[in-house]
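Please open the structure in a viewer and keep the selection tool at hand. The tour proceeds in stops, each beginning with a selection and followed by a description of what is found there.

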Amino acid sequence: PFEVLIVGGGPAGASAAIYTARKGFRTGIAAERFGGQVLDTMGIENLPSVTYTEGPKLVAQLEAHVADYDIDVMNLQQAEALVPTSEDGGFHEVRLANGASLKARSIILTTGARWRQLGVPGEDTYRNKGVAYCPHCDGPLFKGKRVAVVGGGNSGVEAAIDLANIVGHVTLIEFDSSLRADEVLQKKLRSMANVDIITSAKTTEVTGDGEKVNGLTYQDRDSAEEIHIPLDGVFIQIGLVPNTEWLKDSGLELSRFGEIVIDHRAGTNIPGIFAAGDVTTVPYKQIVIAMGEGSKAALSAFDYIIRNEPV
Ligand code: FAD
């Protein structure tokens, strides 16, 4: 058995493992895909101290850093169930899809999240070629250009406000007949000169020239008319889905969005089980935040273990 088992191998999981290994703890990482969302990322320009890097390169560096320590990396392993111990300081269990069972005194959950996709033609083709999901990450790439934000909830309207300060023009597209964002955000958005808001609009296609995005087509849901707008970028903001489906029956407290509820020490409602990164209620989902949260969860696991020595 492990002293600390980390489920997930993105920036949160890798950072947590480095920290617990450095405490001399027997540490394991079980990850479906080591690297997580970072593997799907092109340019990264907002990881302080690293002016520019690319996802696969950052993953290789995280992998090398993890390999410097005696960490048991179980890649391509999907966790299927979490069975918390009922004994004080006992061993929690994680069951894998391959039938194996892993036990550890403390578990750190870092299974991340995935952006909900529109599922329209062009979205996959032009991903990272004009189709973007993270305004904090990719906004500056569209300086002075025309972009659309699809989604009129809080994250879509926040993204549109953010982008309107950077890009030339923003068109916000909402499927419903009205925006769902908080009134104060809507008011702010409406006050911005370079923003158009289109409601009752069903996005049907992201168009491109074969190389990159050149527009978006939507259907006006009232008139059924198809309308094309020329654009340089499309930000899709229709939700971030935490990878917690496998935790539904574990007794772990989840938010109404399915995120693992954590306190300021990365603790969950179950003693000895911690969580970090995009899978949690932590606000703002970013690499530097996931790394910080993973390190924090590791130090909390250390604290837990030294206070709960086995008898
Ligand atoms: P993730 O990176 O999502 O990693 C989750 C890990 O858990 C993976 O290893 C996954 O395989 C594993 N996993 C999931 N379910 C299971 C399971 N059941 N069993 C076992 N393992 C499981 N952030 C920035 O700061 N800057 C950027 O420029 C930037 N650009 C981005 C571009 C794109 C296209 C995307 C998608 C995201 C971008 N982000 C960026 C966000 C950033 O990637 C995330 O905030 C960060 O990766 C979160 O780290 P994490 O470790 O919490 O989760």
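**First stop: a pair of helices**

The model shown here is predicted. Begin by selecting residues 154-164, helix α4, together with residues 183-190, helix α5; the two pack at an angle of about 30°, and their axes lie 10 Å apart. Since angles under 35 degrees count as roughly parallel, α4 and α5 are therefore roughly parallel to each other. The crossing in which α4 passes α5 is left-handed.

Next, display the side chains of the contact. On the α4 side, select Asn154, Val157, Glu158, Ala160 and Ile161; on the α5 side, select Leu185, Gln186, Lys188 and Leu189. Coloured by class, the contact of α4 with α5 shows 5 nonpolar, 2 polar and 2 charged residues.

**Second stop: another pair of helices**

Move now to α1 (11-22) and to helix α2, residues 55-67. How far apart are the axes of α1 and α2, and at what angle do the helices pack? The axes are 9 Å apart, and the angle is about 20°. That makes α1 roughly parallel to α2. As α1 passes α2, the crossing is left-handed.

To view this contact, select Pro11, Ala14, Ala17 and Ile18 of α1, then add Leu62, His65 and Val66 of α2. The residues of this contact comprise 6 nonpolar and 1 polar, with no charged residue.

**Third stop: the surroundings of the ligand**

Keep α1 selected and bring the ligand into view. α1 is one of the elements that each supply at least two residues of the shell around the ligand; the others are β2 (27-31), β9 (113-115) and α6 (287-307). Which residues come nearest among the 39 around the ligand? They are Gly8, Gly10, Gly36, Gly112 and Gly277. By class, the shell holds 19 nonpolar, 15 polar and 5 charged residues.

**Fourth stop: an open sheet**

Finally, select β14 (201-208) and β16 (226-230), the edge strands of a sheet, each of which pairs on one side only. Add strand β15, residues 213-220. These 3 strands form an open sheet in the order β14-β15-β16, with antiparallel pairing. On average, and with direction ignored, neighbouring strands of this sheet are turned by 25° against each other.

Look closely at β14 and β15, which run antiparallel and are joined by 7 bridges. To locate one bridge, select glycine 208 and valine 213: the valine, in β15, is the bridge partner of the glycine.

Methods: Residues are numbered from 1 along each chain as its sequence is written. This is a predicted model: local features need pLDDT of at least 70, side-chain atom pairs count only at pLDDT 80 or more; totals for chains, interfaces and linings use all residues. A residue is near a molecule or strand if its C-beta atom, placed from the backbone, lies within 6 Å of it. Helices (H or I, at least four residues) and strands (E, at least two) are DSSP runs, numbered from the N terminus. Ala, Val, Leu, Ile, Met, Phe, Trp, Tyr, Cys and Pro count as nonpolar, Asp, Glu, Lys and Arg as charged, and the others, Gly among them, as polar. Axes are lines fitted to C-alpha atoms, for helices over the stretch in contact, and angles run from 0 to 180 degrees between N-to-C directions. Angles under 35 degrees count as roughly parallel, over 145 as roughly antiparallel, 65 to 115 as roughly perpendicular and the rest as oblique. A crossing is left-handed if the near helix is turned anticlockwise from the far one by less than a right angle, and right-handed if clockwise. Two residues are in contact if their C-beta atoms, placed from the backbone, lie within 7 Å. Two strands pair if DSSP finds at least two bridges between them.
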